Amino acid sequence: MAQADSPGPIETRLFINNEFQPGADGKVFNLINPYTQEIVPQVHEAGEQDVNKAVAAAKAAFPTWRDLSPAERGVHLRKMAELIRESQPELARLESISTGKPVSSYFDAKIAEGYFSYFAEAGWNVQGSSSLNTPGNLNLTVKQHYGVVACIIPWNIPIGFFALKLAPALAAGNTVVLKSSEKAPLTSAFAAKLAVKAGFPPGVINVISGFGSPAGSTLASHMDVRCLSFTGSTRTGQKIQAAAAMSNMKTVHLELGGKSPAIVFEDADLESAAQQTQFSIQLMSGQSCMANSRIYVQESVAEKFRTLFKENFSAAANLGNPLDPSISHGPQVDKIQYDRVKTFLAVGEKDGKLTMGGDGRDGLFIKPTVFENDSQIMKEEIFGPVVVINTFSTEAEAIEKASNIEFGLYVSVFTRNLDRAVRFSKLLEAGTFGINCTSPSIANDMPFGGFKMSGLGREGFMHGLYSYLETKTILIKMGA
């Protein structure tokens, strides 16, 4: 464990079978505060041996956890929700020093609390069906647990994804091995401490830190992992799917990249559209898969919309120390991401028109940035506070421009014409379609996921639960 101007020690070890422990080979890696550029702590790195140990612990714990009633499992989930709520200030601080997320806009803990609270009760909804349609038979379906589930989470909303994946998997009766991102391991390790306080039996929750290789790749190809849920880049998702197919054909759920468009018609409430779209791309310094990073505006109102958008975009971003409650815009998560965004800025300046922002030239900050006209970066996921604003004249042109990409996570249309909005909802390929609203707006009781290369499967409340269950058919031949 290490210190970092904190109220207490920062846990950085692996959590396996309810015990914190160093990696088997003793490897550690530096976690750099993106604002100060100082080492926060050194974090223990899981290798193949550690992954195997964590999976073995989860496998051994599965029969006992599986056989508990939903109410018995729910006791621990409910306590976890309470502990997360009480720990919100410390979770916000840990995320700020590891990823640069401003404490002023920290919402992860609220998401996590909500998921653990919901799934503390939702286990009772695991239901099958029955049929008398086959003469002489009573036929049933039942929903059954996979066994060991692996979860690999991203760095942008770590404790939120910790809960989004663990809570339904645990409520469904599975045991879990979770790998945190090497960019954001601190809140997952902290949550592991909360899991002990919540009374989860040994082996039910295992949390490891490390890199895609060997930790993530070992989970993806492990023969005792029956289901894997991953949120991250499309490229990594493809590698995971291939590894799963080449090993034991484990079920894979993927929530991947996005390049979400917002389409603004001349009859829209332009002030609302400008405010919502700027918030979507500025939140978390643009480091969100569903941020509306490309905007298409009808030509007749393009100049007015651009003016409103830039005014909102500029006013909303107060760059500085993310631990300061007055700061709303932090740095990019690390130098790798900062350099990646700068590469896209160079491309955008070459084939587009930069009209606002750019490199902050102060640490790892990228200013709220606007490009106008068409550019190659219209098709690339940048993961920074960078938006391209283009125009259209007709509905057909708007549909063509918005659809000309392999991502399909979130689409927004701003218009007062409901008939038009419904037409667009049918024609545009995306897992979520917003009418007069945009990301990060979602509904917890609605499924979330992507079309095309934005992913496979859906997450959310009820939809998340059934993602972690198999369906079995039971045929009962009845006597005369």
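S117 is located in helix α4, which spans residues 108-122, in what is a predicted model. Its relative accessibility is 33%, so S117 counts as partly exposed. Between S117 and S181 the C-alpha to C-alpha distance is 24 Å, with 64 residues separating them in sequence.

Aromatic contacts form the next topic. Across the whole structure, 15 aromatic pairs are found. Two pairs that involve F265 are set out below.

| Aromatic pair | Geometry | Centre to centre | Angle between planes |
|---|---|---|---|
| F265 and F392 | edge-to-face | 5.1 Å | 75° |
| F265 and F424 | edge-to-face | 5.5 Å | 80° |

The pair of F265 and F392 links distant parts of the chain, 127 residues apart: F265 belongs to the loop between β12 (261-264) and α9 (270-282), while F392 belongs to strand β16 (residues 386-392). Both of these residues, F265 and F392, are buried. The pair of F265 and F424 also joins distant parts of the chain, with F424 in helix α13 (residues 418-427) and a separation of 159 residues. F265 and F424 are both buried.

The ring of F265 has a charged neighbour as well: R420 lies over its face, at 4.0 Å from the ring centre. An arrangement of this kind is found for F107, where K101 lies over the face of the ring at 5.5 Å from its centre.

One aromatic cluster is formed by Y115, Y118, F119 and F461.

Terms used. Residues are numbered from 1 along each chain as its sequence is written. This is a predicted model: local features need pLDDT of at least 70, side-chain atom pairs count only at pLDDT 80 or more; totals for chains, interfaces and linings use all residues. Side-chain values use heavy atoms; hydrogens and water are left out. Helices (H or I, at least four residues) and strands (E, at least two) are DSSP runs, numbered from the N terminus. Buried means under 20% relative accessible area, exposed over 50%, partly exposed in between (1.4 Å probe, protein chains only). Rings of Phe, Tyr and Trp (its six-membered ring) pair if their centres lie within 6.5 Å; planes under 30 degrees apart count as stacked, over 60 as edge-to-face and the rest as tilted. A charge sits over a ring if NZ of Lys or CZ of Arg is within 6 Å of the ring centre and within 35 degrees of the ring normal.
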